[in-house]
Amino acid sequence: MERGAHLFGQQLINGLVTGSTYALIALGYTMVYGVLQLINFAHGEIYMVGAFTGLLLVTQANLPFPLALLLAMAITALLGVTIEFIAYRPLRRSSRLSVLISAIGMSIFVQNVALWVWGPQTRRFLPPFPVHTFTVAGLRTNTLELLTLFVALVMMLGLHLLVTRTKLGKAMRAVAQDRETAALMGINVNRTIAFTFAIGSSLAAAAGVMVGMLFNAVVPNMGVMPGLKGFVAAVLGGIGSIPGAMVGGLVLGMAEVLGVALLSSQWRDAIAFAILILVLLYRPSGLLGRRTQEKV
Amino acid sequence: MLDWADGLLRSFINPYYYGVLVTIGINIILALSLNLVTGFTGQLHLGHAAFMAIGAYTAGLLATKAGTGFWAAVLAAGLMAAVAGVIVGLPTLRLRGDYLAIATLGFGEIVRITLLNLDITGGPFGLRGIPRQTNLPIVILAVIFTFLVLRSLVNSRMGRALIAIREDEVAAQTMGIDTTRLKVTSFTVAAFFAGIAGALFAYWFRYLNPSSFGFMVSIELLAMVVFGGLGNLLGSVVGASVMTYLPELLRTVAPAIAERRLVFYGALLVIIMILRPNGLLGTSSEQGWLEIWLARRRSRSPATTSAASGQVPPASTGGAGHGPA
């Protein structure tokens, strides 16, 4: 019993750490979906590029970690804006199918260019700071896991303040609610959408850098699975809802570690998709989403 | 009869091109069936390779473990894939379009992971020992059969309804079209043909591995359909032929490019969507920048000014919006 509770607690920490990175990825999906009603398939690739940028800034440029993290987020934000400009903006008035196909194309393109440039081998990403192991209430954790949680929390808090307290956040909410009316109210819609991509991409980059260090591995196809799971987390929380993405990410992370503990690790990746299908079946609006009627 | 035709074909096609033609035929069946879902019904489907995998493994297992004959196994493969199509389609197709993309993608991954972890499929080591019973005449027959069935389907009352769903789902529903039932039907028919293609694949390559049916295979199929033209069956034949043969050709001429072809496929998908979302021969009412630009030029040229002045590009989905905002 004692041992069972202990194992459970340990899994809970793992779930919390993984879940917080899913949440960071999910935020980008949900924000972009909010303003464009588009599944940004290239989001997983943005996360991957974030991890690579962070790795190169730390190992090649020898930057101190906080600076490298911020710079990786800025560079990746630029990539997100560029992707929006090239692949989505020209299709603002096209059918949803066209934009989705364009998004898929962009994702394949970025991933394979990364494969071309950086090669298929896995690169090691050792944290550029000493990692200590702690025991808190009998549960083991380390600097890296705590830092990941801390980074995720700070980002989410920052995002919350940005969305609720600033003019830009107000513009984002207005565009999400009704793009045309927002434009009539004098909001620069294109700029707001670009900002949304920038913020979502930088959050994904932060997740990429942290996960790169947690697993000590960075590789061009690393974005595929977390990208999909980030989307599942967004749907689970209620797509378009920012608190939903945070909750969805944490719940998905927990569900995964518990699923692995109950079944086996081979099925880890299938759990997320099973959850997705269940949510779509029984609660398509997600945990915190609002029911919407399709507008004509 | 089929053996005689096969002998004849083999007598003047060298073995390498014979193999390429079989692969092209299998890809044409896959592209045609994917076009029914994505091109005609307008639902982005990213897991077509999974239906192919289900068909391939059904046929492979029946052939190696149960000793079933070729035709029975091929039919069973199609039916198994169709059943999977209903199971996946029923919950997901009720929802709005974009969820289908992710759900089919997830379904594809679940199928791959399952095949990788089951004992009976040989897991990561794959399934060996399938007899080679696919030949070119059989593939050609299957392609013709698929083409004719799908053509009569899209030209039927049901086909019109599918196109109506693609153009405007809400309007189609208002006109009394049972959109969910039709979407599931189109999905199921497509899955059936993908299963058949998978069986032909199994009986040709004689060895199956889960990695042959990954996400990227679904993407290559999508690229074939988009390149050939969404909503045009002939387009899929052209798209599948070109995009299967081109990498083969490049493999000898420029191996570096053949290996990196996914970079170009990705770029191609984006560029086609912007310039001409209909691909080479597509039929939807959507217009890209290329068509709008051409239409503008045409309407500006003096001879047609008076006639065309009232005919600005139709303000449907793709139209008017691209002007200077």
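**Exercise 1.** In this predicted model, decide whether A:Asn62 is buried, partly exposed or exposed.

*Solution.* Start by counting: A:Asn62 has 9 C-beta neighbours inside 10 Å. Next, recall the cut-off, by which a residue with 12 or fewer such neighbours is exposed. A:Asn62 therefore counts as exposed. Now place the residue: A:Asn62 sits in the loop between α2 and α3 (65-88) of chain A. Finally, look at its backbone: phi of A:Asn62 is positive, at about 55 degrees, although the residue is not a glycine. Keep in mind that most residues other than glycine have a negative phi.

**Exercise 2.** Now try A:Gln37: where is this residue found, and what is its phi?

*Solution.* Go first to the loop between α1 (2-36) and α2 (43-59) of chain A, where A:Gln37 is found. Then read the backbone angle: phi of A:Gln37 is near 50 degrees, a positive value in a residue other than glycine. To finish, check the surroundings: A:Gln37 counts as partly exposed because it has 15 C-beta neighbours inside 10 Å, a count between the limits of 12 for exposed and 20 for buried.

**Exercise 3.** Let's turn to the two chains. How many residues of chain B are in contact with chain A, and which element of chain B gives the most to that side?

*Solution.* Begin with the totals: 39 residues of chain B are in contact with 35 residues of chain A. Next, find the elements of chain B that give two or more residues to this side: α4 (70-93), α5 (97-117), α10 (215-228) and α13 (261-275). Of chain B's elements, α5(B) gives the most, with 12 residues. Lastly, sort the residues of this side by type: 24 are nonpolar, 10 polar and five charged.

Definitions and conventions: Residues numbered from 1 in each chain as written. Chains lettered and ligands numbered in written order. Predicted model: local features only at pLDDT ≥ 70, side-chain atom pairs only at ≥ 80, totals over all residues. Contact = placed C-beta atoms within 7 Å. Helix = DSSP H or I, 4+ residues; strand = E, 2+ residues; numbered from the N terminus. Nonpolar A, V, L, I, M, F, W, Y, C, P; charged D, E, K, R; others polar.
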